[in-house]
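Thank you for coming, everyone. Please take a moment to look at the sequence and the structure before I begin.

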Amino acid sequence: MIVFEDLISMILIVYVWFRLYVNHRMTHENKMTYFRGGVALFLLLILDQVWQSFFITRSQSPETDRLLNGITCAIFFLIPLAMNSVARLFRKRMSFRIRMANYLMMAVLTGIPVINLFVPILFYHKDSIFFYAPFHLPYALFELASMVFVVHVCYMRNFPFDRNDLVLVWFAQAIVTVGAAADLIYQALSVTWTSLVLCYLLLYLAIEFMYAKLDPVTMLRNRDAYVGYLYRIGGRGFTAAVFDLNRLKSYNDRFGHVEGDTYLRAFAQTMHKELVLYGEIFRIGGDEFCFITKELSAQDAEMVIRKIRKTGKCRPEFGDYPIDFSFGIAERARGENAYDTIERADAAMYEEKRLMHAHRREDVVSENGKSGDGMGD
């Protein structure tokens with residue numbers, strides 16, 4: 001018997017693998033981690049097909065019951081393996097407490113199906129008919145809570161998702177919840193397996209879309225994300241700050257573009273670390289960035305940014321690099337187009353850059369004059 005829900009799910013998994021293969025933004029390690037999660041789900045679907053083949057024969061014997069029970073235990077064992085494979089993407093970013101909680105959940109979810117091989121605490125087969133044991137209800141609820149935990153802690157806390165990406169993540173959680181309900185209420189396990197695959201697909205698409213809106217050099221949101229963010233702001237008020245690294249070209253000429261990119265990334269990540277609590281920051285050009293906040297007035301934003309510039313250095317975890325940038329700030333006026341606000345901030349930034357260059361030229365002339373006087377003496 002062919003279970004067409006399983007067949008469709010297999011095709012969706014292969015589709016994700018194809019997108020992984022052509023994805024040039026994810027690291028090879030992350031690709032393989034996500035691929036292994038799909039392998040666990042693919043094996044689950046194959047076992048479900050095998051289970052259906054034996055189940056449909058209805059050859060009533062203790063041997064058939066043991067075989068069906070073993071296949072079902074293997075299927076339930078593969079679910080946490082798929083979850084754990086996806087969670088491995090974020091293992092390095094997890095705190096010790098979260099990591100231990102994740103290990104504990106995986107131990108429970110994989111250990112109980114193994115126990116069920118010998119003691120029917122989850123389910124059993126009698127005369128080739130499938131029955132749930134009393135412990136299945138708390139186990140299924142714990143499994144659902146674990147999936148929600150993995151999605152929330154691993155995805156929402158570790159990826160810079162925007163609202164569109166988060167919608168995919170929330171839908172992934174909703175689909176898994178419906179799949180769990182189908183299992184608990186109707187014992188419709190094929191629906192449950194399909195919901196897991198759809199969750200796998202939606203989570204991957206959320207990651208892919210997120211990476212497409214990230215600048216690969218600085219790992220800040222790129223210009224496409226910036227345009228989308230301004231579109232979603234609508235008529236709401238905000239403060240914008242545009243800033244531009246000073247003398248990046250001379251830095252590239254002196255140390256090379258590879259080192260220049262490292263410097264650019266250190267600067268961008270420092271600014272992100274300092275400003276993330278107040279708003280969003282985007283790379284909108286070569287060495288030009290835009291910070292948009294709905295939390296700070298223009299005066300407060302200026303104080304925060306001047307304080308960062310006054311430190312003179314990037315945060316040590318990003319490298320020993322100087323911070324030297326010009327910036328301009330504008331607060332949106334009533335009825336003003338969002339791009340006009342950004343343009344005013346951009347003009348203010350270029351005016352500050354012009355004044356800084358003028359002061360530097362005056363300092364050079366003054367120093368040369370003093371040197372000339374000294375030599376004359």
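Are tyrosine 263 and tyrosine 321 buried or exposed? In this model, which is a predicted one, tyrosine 263 is buried, and tyrosine 321 is buried as well.

Let me stay with aromatic rings for a while. In general, two such rings are described by how far apart their centres lie and by the angle of their planes. The structure holds 22 aromatic pairs, and one of them joins phenylalanine 123 to phenylalanine 130 in a tilted arrangement, with 5.7 Å from centre to centre and 35° between the planes. Phenylalanine 123 is buried, its relative accessible area being 0%, and phenylalanine 130, at 11%, also counts as buried. For tyrosine 263 and tyrosine 321, the ring centres are 5.6 Å apart and the planes meet at 25°, so this pair is stacked. Because tyrosine 263 belongs to helix H10 while tyrosine 321 sits in the loop between helix H11 and strand S6, the pair ties together parts that are 58 residues apart in sequence.

Ring pairs also build a cluster, which links Trp51, Phe76, Phe123, Phe130, Tyr132, Tyr139 and Trp193.

Now let us turn to helix H1, which covers residues 4-22. At 1.5 Å a residue, its 19 residues should span 27 Å, and the C-alpha atoms at its ends are indeed 27 Å apart. Its buried residues include Asp6, Met10, Ile13 and Trp17, and, seen down the axis of H1, the buried residues fall within an arc of 115°, so they line one face of the helix. On the other side of H1, Phe4, Ile8, Ile11 and Phe18 are exposed.

Note on methods:
Residues numbered from 1 in each chain as written. Predicted model: local features only at pLDDT ≥ 70, side-chain atom pairs only at ≥ 80, totals over all residues. Heavy atoms only, no water. Phe/Tyr/Trp six-rings, centres within 6.5 Å; stacked < 30°, edge-to-face > 60°. Buried < 20%, exposed > 50% of the residue type's maximum accessible area, 1.4 Å probe, protein only. Helix = DSSP H or I, 4+ residues; strand = E, 2+ residues; numbered from the N terminus. Expected span 1.5 Å × (residues − 1). Arc of directions from axis to C-beta.
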